[in-house]
Amino acid sequence: MSTANGHGASVSVQACGKTFADGTRALESATLDIARGETLVLLGPSGCGKTTMLRIIAGLELPDEGGTVLFDGKDVTSEPIEQRNVGMVFQSYALFPNMSVADNIGYGLKVRGVPRQERAARIAELVALTNIAGLENRRIDQLSGGQRQRVALARAVAIRPRILLLDEPLTALDAALRDRLRGELNRLLRALGITTIYVTHDQAEAMELGDRIVVMRKGTIAQIGTPREIYFTPRNRFVAEFIGAANIIESPVEDGHLVLSGGRQPLRSGINLAVAVAMIRPETIQVVEAGRAPLSGTIDSVSFVGDRQRLVISGTSRKPLTVDAPNAVQVRPGEEVGLLVAPESVRLLPLED
Amino acid sequence: MSQKSFVWSCLLPLVMVTAAFFLLPMVRLVVTGAEGPQGFAAYLAILIEPRYRATLINTVLLAAATTGVTLIVATIAGMFLQRHRFPGRAVLIAMLTFPLAFPGVVVGFMIILLAGRQGLIGDLSSRVFGEKLVFAYSIYGLFLGYLYFSIPRVILTIMAAVQKLDTGLEEAARSLGAGPWAVQRDVVLPALAPAFVASGAIAFATAMGAFGTAFTLATNIDVLPMLIYTEFTLAANFATAAALSVGLGLITWLILALARSFSGSAVAAAG
């Protein structure tokens, strides 16, 4: 299915900050460009400013003086949301309880004065697209959480918006349903190909759905990048720890080696540092026989999770290391092991915080 | 004593109170209504006798108008008070609830001070237009008094309902292109419907049966409570007074039941 206006609009957020009436600074001045048809995920813990950013783009909040929002290069900062032609899905879904499913989906078209027949055709199209056939005449309180989520999405897409905005659309669902709907949502967004801005605090969602991810923290942008960039080359400790699991090691560096209590781990370059912060992802550490690797340690615990096993290893660095080992490796707590880490898997992070 | 008989004996006080204060007086009232020269036809007379019928229609119209205007004023005011923060807001809300403390007599007195022969409105109008505007002693004065009485109650209910409104609903409607009026019509008012019915019912019942205000303003206003009073005390017409009382109760109850069943479907539709 294609939208009437191609694949939505490009969005440019320029120097947008937000200070609320009570003086709370929700968003520091931020600049962000979103390409036409791109899915951008705003990711961060609660209170990081991601929802404020979304609401500024939506037109529900006005940015502080000096900030502008452009759609396809046109300044829309002063336009309220009802004039911006954006589709929005709310965390609570905000479905109208006094209307049926079909009336909810068709509401935006009705407000626009679309004739009844045309409206019905569009509703049928969306009902099929979001897989909710048979529910058209139901009341909202007769729907399950997953069904509500689909209706909310159908309603937002029905108006052929220039931009689709989703505010934690899966958070209200239970874990199993969330996983399933995430895949479904991903396919749908790819099929629509419309510019999408997606807010979440769930990094798995961000990884799966985002063309690019904006990691936010305390009202500022910590890093913008593709899921791979964010995962493999985090720019700071916050991003490293927020996305996936990470061992963060503080130690001196001598001749390109981290100096640890369990041995010397080679780095990519032969630098010397009094103190360094290094990140090693758990899955990049290979468990080998003791003495056959530069690092060694003692297995503290083994938790078997099915597709892999998570080991906690002490004696290697100051804090215990987390290691993800293949599920076939035979290891026991108390065992002495060697740890092999490729030099390129160790990433040095800036010292701040 | 077995468990069962213990539970039943606990119900005894309730049965006694119900019988003494509810059933017996009601039965007596109904019987008295039928004890006049016309017998049970006295009940029919409420609807057939032109004077009674006019009074009945008057009363229902007055109560309906009071309810309608109260809802309109209180909704707009309640919405504003709940959604906006300004200096003096808490004081204003506290003052709005002040009329709740007044009995009907005092409200009637205040209406006379406002729109009576020596009233403020009369003074002003005689100065500006050269003619004294006096309406305290008519059904309009009563209408004003009931408004004064009902608005605070309804405002408080509406404010509570507005507070519980999901602002996401309004934002969702706006995101779909709905302007301010459409948002009110399609989202806010339907969501407030249960509060309208609940608080409207109280306003309506009060306006149907309130006596103190009417009595203070004048004895010749054609509303049911006044008619009952005159039939009972002045004409010593016990049967008619009783029949009118039962009629007043039944009609009020019927209209409230209708409103509730209507809102029942509205509430169900509103989730």
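## What helix α3 packs against

In chain A, the buried residues of α3 pack against two other helices, α2 (101-111) and α4 (145-158). Buried here means under 20% relative accessible area, exposed means over 50%, and partly exposed is in between (1.4 Å probe, protein chains only). Helices are DSSP runs of H or I with at least four residues, numbered from the N terminus.

This is a predicted model, where local features need pLDDT of at least 70 and side-chain atom pairs count only at pLDDT 80 or more, while totals for chains, interfaces and linings use all residues. Residues are numbered from 1 along each chain as its sequence is written, chains are lettered from A in the order in which they are written, and side-chain values use heavy atoms, leaving out hydrogens and water.

## The two sides of α3

So who's tucked away? The buried residues of α3(A) are Arg119(A), Arg122(A), Ile123(A), Leu126(A) and Val127(A). Look down the axis of α3(A) and these buried residues fall within an arc of 140° (going by directions from the helix axis to the C-beta atoms), so they line one face of the helix. The face turned away from that buried side carries the exposed Gln117(A) and Ala128(A).

After α3(A) comes Asn131(A), with a positive phi near 65°.

## Where the domains meet

Chain A is assigned domain 1 (11-241) and domain 2 (246-349), with bounds from an automatic or database domain assignment. Their C-alpha centres lie 39 Å apart.

The rule finds one salt bridge across this interface, meaning a side-chain nitrogen of Lys or Arg within 4 Å of a carboxyl oxygen of Asp or Glu. The side chains of Arg237(A) and Glu250(A) meet in a salt bridge at 3.1 Å, N to O.

Notes
Contact means heavy atoms within 4.5 Å.
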